[in-house]
Amino acid sequence: MIDDSACGVAHGGAADDPEVRVLVAVFASPVSGYLLRYARDAGFRPVLVEPEAGRAAEAAALDVPVVASMPELDGSADVVVTDHHRPELGPALRDALAGGPRWIGVMGNPRHRGPHVEALRDLGVGEAEILTVHRPIGLNIGSRRPAEIAVATLAGLLADRNGKPGGFEF
């Protein structure tokens, strides 16, 4: 079930506490399922954006707020797009960028140009804003399976949250 009442999720306690961030996963996918569960355990406030009602209903089992459109964001929010093949990619990213999240990234193979670039250009988003979208995302641990991709992504966000470079540098 879609819970549009959660649209203001990035405000309140998370904005007041620099240690608590909102993690917005965009699009229901195997990776977003793991990512949202792991993020909650790591101290993030997880939210799923899923515009397709059928997928949103299935995602209700994750026990996180599920909203149909990008919630109101602020500088405490991290946004991770977990499916770069969806037709809603451009509008979802445009709306996320407009909210001023702290960090935004799109999953994808680093050997291929991300489809988000053209999708955002087609919507009139400026080059400077497009360059703020991270791709690839996560730590390079050779992830292939959804759970591993979620771990690598969350590890990168945790390193950033803690002011560390990630990897094996101490």
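Start by selecting strand 5, residues 103-106, and pick out I104 within it. Keep in mind as you look around that this is a predicted model.

Is I104 buried or exposed? It counts as buried, because its relative accessibility is 4%, and the cut-off for buried is under 20%. To see what surrounds I104, show its contacts: leaving out residues up to four places away in sequence, it touches V79, L93, A96, L97, T132, V133 and H134. Now add V80 to your selection. V80 and I104 sit 24 residues apart along the chain, yet their C-alpha atoms are separated by 5.9 Å.

Next, hop over to strand 4, which covers residues 77-81, and click on D78. This one has 0% relative accessibility, so D78 counts as buried too. Which side chain does D78 join through a polar contact? Turn on the side chain of R102 and you'll find it: the polar contact between D78 and R102 is 2.6 Å. R102 isn't alone there, either. Setting aside neighbours within four places in sequence, D78 is also in contact with R21, V22, L23, V24, F44, W103 and L157.

Last stop: the largest pocket, with about 480 Å³ of space in it. Where should you click to get to its centre? Select G108, N109, P110, S143 and R144, which are the closest to the centre among the 18 residues that line this pocket. Try colouring the whole lining by residue type: you should get eight nonpolar, eight polar and two charged residues.

Terms used: Residues numbered from 1 in each chain as written. Predicted model: local features only at pLDDT ≥ 70, side-chain atom pairs only at ≥ 80, totals over all residues. Heavy atoms only, no water. 1 Å grid on protein atoms, 1.4 Å probe; cavity = no way out; pocket = protein on both sides within 12 Å on 5 of 7 lines; lining within 4 Å. Points joined across faces, edges and corners; volume = space filled by probe spheres on them. Nonpolar A, V, L, I, M, F, W, Y, C, P; charged D, E, K, R; others polar. Helix = DSSP H or I, 4+ residues; strand = E, 2+ residues; numbered from the N terminus. Buried < 20%, exposed > 50% of the residue type's maximum accessible area, 1.4 Å probe, protein only. Contact = heavy atoms within 4.5 Å. Polar contact = N/O pair within 3.5 Å; in protein donor to acceptor, adjacent residues only side chain to side chain.
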